[in-house]
Amino acid sequence: MGIQQKLNAFLFQVSIVFLIFLLVSASHEHKKAKGRHSSKKDHHIKMSSRLQFEITLHGFLLWASMAFLMPVGILVIRLSNREGNRRRLRIIFYAHAVLQKLAVLLATAGAIMSIKNFNNSFDNNHQRLGVALYGIIWLQVLVGIFRPQRGSKRRSLWFFAHWVMGTSVSLLGVLNVFIGLQSYQEKTSKSIRTWSILFTVQISLIVIFYLLQEKWVYIRNQGVIWDN
């Protein structure tokens with residue numbers, strides 16, 4: 001329990017630092033945008049490969065965070081629904097917590113990279129949805145830190161809010177990855193066919209596993225009844 005409290009305190013401190021960073025960075029973004037615009041023509045060839053790398057890294061970080069680690073974390077915690085062993089329940093809980101916290105850190109890194117290196121005019125759906133997702137992610141962190149004790153009257157409301165935000169981040173995160181791929185193609189003129197196919201296969205496998213989790217006991221019981 002002490003370790004969990006320390007991790008929660010650490011994440012809370014990180015969230016405060018990150019919010020302060022956002023405020024400070026936003027105040028200087030306009031000046032940076034002017035500087036980049038004035039030197040765009042002179043450094044276009046020099047910066048194009050670097051910018052392409054930064055866009056690719058940004059996409060990888062957000063894919064790993066919202067479209068892989070968070071959905072996997074949801075699948076992991078669902079294993080506890082029919083688990084009666086307390087030791088295994090504890091392992092499942094900590095695995096879920098580690099996956100989600102790692103996802104938050106990667107998303108934060110992607111957000112910082114976006115603020116520092118990209119032109120955030122927020123004139124497209126990818127950027128707008130990204131900002132909304134960053135807000136929900138950090139709100140989810142605060143909700144997780146201040147969760148009520150099991151048995152409390154507020155526990156049901158907390159659980160519902162936690163579930164809604166977690167599911168929303170995963171679904172909207174997947175959607176934003178597809179939108180981001182389209183933006184990547186527009187900026188780099190490179191084909192995204194292979195990445196789109198691989199990402200679609202990955203999401204399909206996660207959905208199939210999710211559905212199997214829901215019906216696995218029922219399917220297994222059908223086999224038992226048939227054998228008898």
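Colleague: Why are helices α4 and α5 called roughly antiparallel to each other?

Modeller: α4 (residues 125-145) and α5 pack at about 155°, with their axes 9 Å apart. Axes are lines fitted to C-alpha atoms, for helices over the stretch in contact, and angles between N-to-C directions run from 0 to 180 degrees. Angles under 35 degrees count as roughly parallel, over 145 as roughly antiparallel, 65 to 115 as roughly perpendicular, the rest as oblique. The pair is therefore roughly antiparallel.

This is a predicted model, in which local features need pLDDT of at least 70 and side-chain atom pairs pLDDT 80 or more, while totals for chains, interfaces and linings use all residues. Residues are numbered from 1 along each chain as its sequence is written, and side-chain values use heavy atoms, without hydrogens and water.

Colleague: What makes a stretch such as α3 a helix, and how do you know that its span agrees with expectation?

Modeller: Helices are DSSP runs of H or I, at least four residues, and strands are runs of E, at least two, numbered from the N terminus. The expected span is 1.5 Å times one less than the number of residues. For the 32 residues of α3 that gives 46 Å, and the end C-alpha atoms are 47 Å apart, so the two agree.

Colleague: Is H96, in helix α3 (residues 86-117), buried or exposed, and why?

Modeller: Buried means under 20% relative accessible area, exposed over 50%, and partly exposed in between (1.4 Å probe, protein chains only). H96 has 13%, so it is buried.

Colleague: Which residues does H96 touch?

Modeller: Contact means heavy atoms within 4.5 Å. Leaving out residues up to four places away in sequence, H96 touches G73, I74, V76, I77 and H162.
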